[in-house]
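The exercises below are meant to be worked with the sequence and the coordinates open side by side. Please try each task before reading the solution that follows.

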Amino acid sequence: MNTKRGLRTCLALLVALHTLPAACAAGPGQFSAFSSGEGSVAISGDGVDHLRFGVAVWGPNWAWTGIEGKTRSEAGAAVGALTARPGGAPLRLEFRAARIAPGTLQLSYELQAERDADLTLFVVELLPGEPFKGRDAIFEFEGKEMAVKSPFGLRAIGQQISQLRLTDAGGRQTRVRFQPPCEITADGAARLVLAKDRLKAGAPRRLTVSVELPAPTDWYPSVAEIPAEPGLEAWYPWRSAGPGADSLFSLADWLEKPAGKHGRIRRKDDRLECQGRPVKLWGLNLCYSACAPEKGLAEKRAAFYPHYGINAVRLHKFADGAGWDGIQSKPSAAEYDPAGLERMDYQVAKFKEAGIYVKLSAHFGAIKMGPADRRDVPFLEEFGAFGERKDRISAPHSAFFY
């Protein structure tokens, strides 16, 4: 290892050690938990993530929907109201999290709609941490049990699930109880379904989640209440002057340039390989028209990303429409805007020069047809109609292909 790389490795280790949050600095057998203020709860023990909870919502056709609002600390609990608008219909989620016994947390959710709302899913996400990786999680429902390895992958788990048992390598057990019993699916994390397809006004959905941990737990209803890191008064702010090739922190010279000089990265069984050797990717995602930036921004990205070791970028949903939605032409899903295509091509070229691999993910499965596509799909208006403010028609995933 050369001197520069050795220094960087030591610096990285020091930074990692000194930036562990106080909420994770639990002693042996002791747990810590806190709410971030956005309807999420993180539980850690022995210095690693134990369990994380969050909320997520998708509108019709899996349209991503943001959740707004903050929780606050009130009488030892994290409480607050969060809002989301899948398809434009307002939903309100009342959230409360508290410690009800030394080793037990209780999370309560109540979801309601102001008017009937169409959506795909509104869920509470439960993500087991490192102590449970590769180990069986036991879901209990209607007197039966089902074992699923963590992380859970993409799957349906079951209906009327009343509890989940997680056991770490030391035999310590964590129980998560659901009242009332609920439907659970998974996509990496377990998704506790609060609502799906349609939520009617005046018909709130409620769920209480009780987390029974194997040891007493410190509870912080807000980030502001987490104790300061010991010795924090001796810290000082680090003000970066921006990425520089000669910086000890830069990882740019770890990337082989250009990307693909030895051929494509290929999948073999459960791993990725290049030239028959395993390869590791540290990547991020760009979506919609952000996949085709102006040339100046493309160059800045190609200089900035390698500084932090990023060697892979997924260009996602650039074929979801025109304008903000991507680089398609306005009238057709089968034709691209030449200027947008040129910009995206330039971005890919700059990434390649910098040693960054690119994965193309054109759309999210729900093709949105324009008026010019009637020539190839004459039945497309059976799925909807073009109007003054609607220049595209979409259908359930892959329907137009069939």
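**Exercise 1.** Which side chain meets that of Asp116 in a salt bridge?

*Solution.* The model is a predicted one, and side-chain atom pairs count in it only at pLDDT 80 or more. Begin at Asp116 and look for a nitrogen to oxygen approach: the side chain that meets Asp116 in a salt bridge is that of Arg198, at 3.4 Å from N to O. Next, place both partners in the fold, where Asp116 sits in the loop between β9 (104-113) and β10, while Arg198 belongs to strand β15 (residues 189-199), so that the pair links distant parts of the chain, 82 residues apart. Finally, assess the surroundings: Asp116 has a relative accessible area of 34% and is partly exposed, and Arg198, at 37% relative accessibility, likewise counts as partly exposed.

**Exercise 2.** Determine where Thr120 lies, decide whether it is buried or exposed, and identify the backbone oxygen that its side chain reaches.

*Solution.* Thr120 is found in strand β10, which covers residues 117-128. Its relative accessible area is 14%, and because buried means under 20%, Thr120 is classed as buried. The side chain of Thr120 reaches the backbone oxygen of Gly59, the distance being 2.5 Å. When neighbours within four places in sequence are left aside, the residues in contact with Thr120 include Trp58, Gly59, Pro60, Asn61 and Trp62, and also Ala195, Lys196 and Asp197.

**Exercise 3.** How many salt bridges does the count come to, and which residue forms one with Lys70?

*Solution.* The general idea is that side chains of opposite charge can pair when their charged atoms come close. With a limit of 4 Å between the side-chain nitrogen and the carboxyl oxygen, the count comes to 22 salt bridges. Lys70 forms one of these with Glu38, and the closest N and O atoms of this pair are 2.9 Å apart. The two residues are 32 apart and link distant parts of the chain, with Lys70 in the loop between β5 (67-68) and β6 (72-74) and Glu38 in the loop between β1 (31-35) and β2 (41-45). Lys70 counts as exposed at 56% relative accessibility, whereas Glu38, at 47%, counts as partly exposed. A further salt bridge joins the side chains of Glu74 and Arg72 at 3.1 Å, N to O; Glu74 is partly exposed at 41% relative accessibility, and Arg72 is partly exposed with a relative accessible area of 46%. Salt bridges also link Asp46, Asp168 and Arg172 in a network.

**Exercise 4.** Locate Arg264 and state which residues it touches beyond its sequence neighbours.

*Solution.* Arg264 lies in the loop between β17 (217-220) and β18 (266-268). Its relative accessibility is 65%, and because exposed means over 50%, Arg264 counts as exposed. Not counting residues up to four places away in sequence, Arg264 touches Glu273 and Cys274. As a check on the backbone, the C-alpha atoms of Arg264 and Gln275 are separated by 8.4 Å, although these residues are 11 apart along the chain.

**Exercise 5.** Describe the chain as a whole, covering its elements, its burial and its charges.

*Solution.* The chain holds three helices and 25 strands, and its C-alpha trace spans about 65 × 65 × 40 Å along the principal axes. Of its 402 residues, 40% are buried. There are 52 positive and 46 negative side chains, and the centres of these two sets lie 3 Å apart.

Terms used: Residues are numbered from 1 along each chain as its sequence is written. This is a predicted model: local features need pLDDT of at least 70, side-chain atom pairs count only at pLDDT 80 or more; totals for chains, interfaces and linings use all residues. Side-chain values use heavy atoms; hydrogens and water are left out. Helices (H or I, at least four residues) and strands (E, at least two) are DSSP runs, numbered from the N terminus. Buried means under 20% relative accessible area, exposed over 50%, partly exposed in between (1.4 Å probe, protein chains only). Lys and Arg count as positive and Asp and Glu as negative; His and the chain ends are not counted. The place of a charge is taken as NZ of Lys, CZ of Arg, CG of Asp or CD of Glu. A polar contact is a pair of N or O atoms within 3.5 Å; within protein, one must be able to donate a hydrogen and the other to accept it, and residues adjacent in sequence count only if both atoms are side-chain atoms. Contact means heavy atoms within 4.5 Å.
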